[in-house]
Each structure stands twice: as C-alpha cells, then as structure tokens.
Amino acid sequence: QVQLLESGGGLVQAGGSLRLSCAASGPIFRIINMGWYRQTPGKERELVATITGGSIVNYVDSVKGRFTISRDGAKNTVYLQMNSLKPEDTAVYYCNARIYTTPTTWDEYWGQGTQVTVSS
C-alpha cells in the first residue's frame with residue numbers, strides 16, 4: 001500500500017516562510033504527479049500546486065510568485081516552499097499523488113494533512 005508522509009507544517013508570522021515535505025513509499029512503479037491541496041473549515045479542498053514526473057508545475061493564482069513546488073525523483077518526495085505567507089494561507093495542507101503501482105494500474109493517494117497557521 002502506498003503511503004504519503006507529510007512534514008513541515010507549523011505556526012509562522014505573516015511574511016514568514018515554511019517548507020512542507022511529502023515522501024511517498026510503498027509499491028511505486030511510476031509517479032504521474034504529486035502536489036499539495038489545502039482546506040479550511042467549511043470550504044472545499046483546493047489545489048495549491050502540482051508537479052508532474054517531468055517537472056511540469058502548476059499553481060493556483062493566489063500563491064504564484066510566493067510558493068515553489070519541487071520534487072526529488074530519487075526519493076519520491078515533493079516539497080512546497082512557502083514564502084511571504086499570509087493569514088489567508090492558513091489551512092490544513094494535504095499531499096496528493098497519482099501513482100502507478102504496476103505498469104497498468106494507478107491510483108490516487110492522500111496524506112494525513114499538516115496544519116499551517118499564519119498569524120497576522
């Protein structure tokens with residue numbers, strides 16, 4: 001069973017930085033993409049950033065220029081460097097991955113979530 005292990009959340013003042021990490025483990029044949037979503041109470045989970053196996057990246061407009069997603073293919077790990085954090089970035093951040101576990105079978109996986117709190 002594929003597992004995603006997140007780390008790096010916490011409390012930071014506005015304008016500060018945090019770095020999230022997410023490591024995938026288990027029967028991984030090929031990673032299609034990995035990314036980060038976030039959710040606040042009463043709202044739907046929203047995409048923050050994704051990166052494909054070929055390192056093509058995508059960001060939600062609200063984080064462009066402040067957040068950077070990157071990956072280490074050898075470690076099956078994705079990172080989210082978050083700079084110039086704003087109180088509105090406060091949320092639970094979830095790692096997401098679409099992974100082939102065999103040459104023909106893929107599935108979508110989620111991490112347990114990590115809290116990011118930005119104080120004003």
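**Arg-38**

I began with the surroundings of Arg-38 and, leaving out residues up to four places away in sequence, found that Arg-38 touches Glu-44, Arg-45, Glu-46, Val-48, Ser-62, Val-63, Phe-67, Asp-89, Ala-91, Val-92 and Tyr-93, where contact means heavy atoms within 4.5 Å. I noted that this is a predicted model, in which local features need pLDDT of at least 70, side-chain atom pairs count only at pLDDT 80 or more, and totals for chains, interfaces and linings use all residues. Residues are numbered from 1 along each chain as its sequence is written, and side-chain values use heavy atoms, with hydrogens and water left out.

I placed Arg-38 in strand 4, residues 30-39, where strands (E, at least two residues) and helices (H or I, at least four) are DSSP runs numbered from the N terminus. Arg-38 counts as buried at 7% relative accessibility; buried means under 20% relative accessible area, exposed over 50%, and partly exposed in between, with a 1.4 Å probe and protein chains only.

I then looked up the polar contacts of this side chain, a polar contact being a pair of N or O atoms within 3.5 Å, where within protein one must be able to donate a hydrogen and the other to accept it, and residues adjacent in sequence count only if both atoms are side-chain atoms. The side chain of Arg-38 is joined to that of Tyr-93 by a polar contact of 2.9 Å, and to that of Ser-62 by one of 3.3 Å.

**Ser-62**

I followed the second partner to the loop between strand 6 (57-59) and strand 7 (67-72), where Ser-62 lies. Ser-62 counts as partly exposed, at 39% relative accessibility. I also checked its separation from Gly-73, and the two C-alpha atoms are 27 Å apart in space, although the residues are 11 apart in sequence.

**Ala-91 and Asn-96**

I went next to strand 9, which holds Ala-91 and also Asn-96, with the strand covering residues 91-100. Ala-91 is buried at 4% relative accessibility, and Asn-96 is buried with a relative accessible area of 2%.

Which residues does Ala-91 touch, not counting residues up to four places away in sequence? I listed Arg-38, Gln-39, Thr-40, Thr-114, Gln-115 and Val-116. The C-alpha atoms of Ala-91 and Thr-117 are separated by 6.6 Å, with their positions 26 residues apart along the chain.

For Asn-96, with residues up to four places away again left out, I recorded contacts with Leu-4, Asn-33, Met-34, Gly-35, Tyr-37, Glu-108, Tyr-109 and Trp-110. One of these, Glu-108, also makes a side-chain to side-chain polar contact with Asn-96, at 2.9 Å.

**Ala-23**

I turned to strand 3 (residues 18-25), which contains Ala-23, a residue that is partly exposed with a relative accessible area of 30%. Beyond its neighbours within four places in sequence, Ala-23 is in contact with Gln-3, Leu-4, Leu-5, Asn-76 and Thr-77. Its C-alpha lies 7.2 Å from that of Lys-75, and these residues are 52 apart in sequence.

**Asn-76 and Ser-84**

I looked at the backbone of two loop residues with the general expectation that most residues other than glycine have a negative phi. Asn-76, in the loop between strand 7 and strand 8 (77-82), has a positive phi of about 50 degrees. Ser-84, in the loop between strand 8 and strand 9, likewise has a positive phi, near 50 degrees. Asn-76 counts as partly exposed at 22% relative accessibility, and Ser-84 counts as partly exposed at 41%.

**The chain as a whole**

I closed with the overall values. The chain has 0 helices and 11 strands, and 39% of its 120 residues count as buried. Among contacts with a separation of 6 or more, 55% come from residues 24 or more positions apart.

The radius of gyration is 14 Å, which agrees with the value near 14 Å for a compact globule of 120 residues; I note that this radius is taken over C-alpha atoms and that the globule rule is 2.2 Å times the number of residues to the power 0.38. Along the principal axes, the C-alpha atoms fill a box of roughly 45 × 25 × 20 Å.
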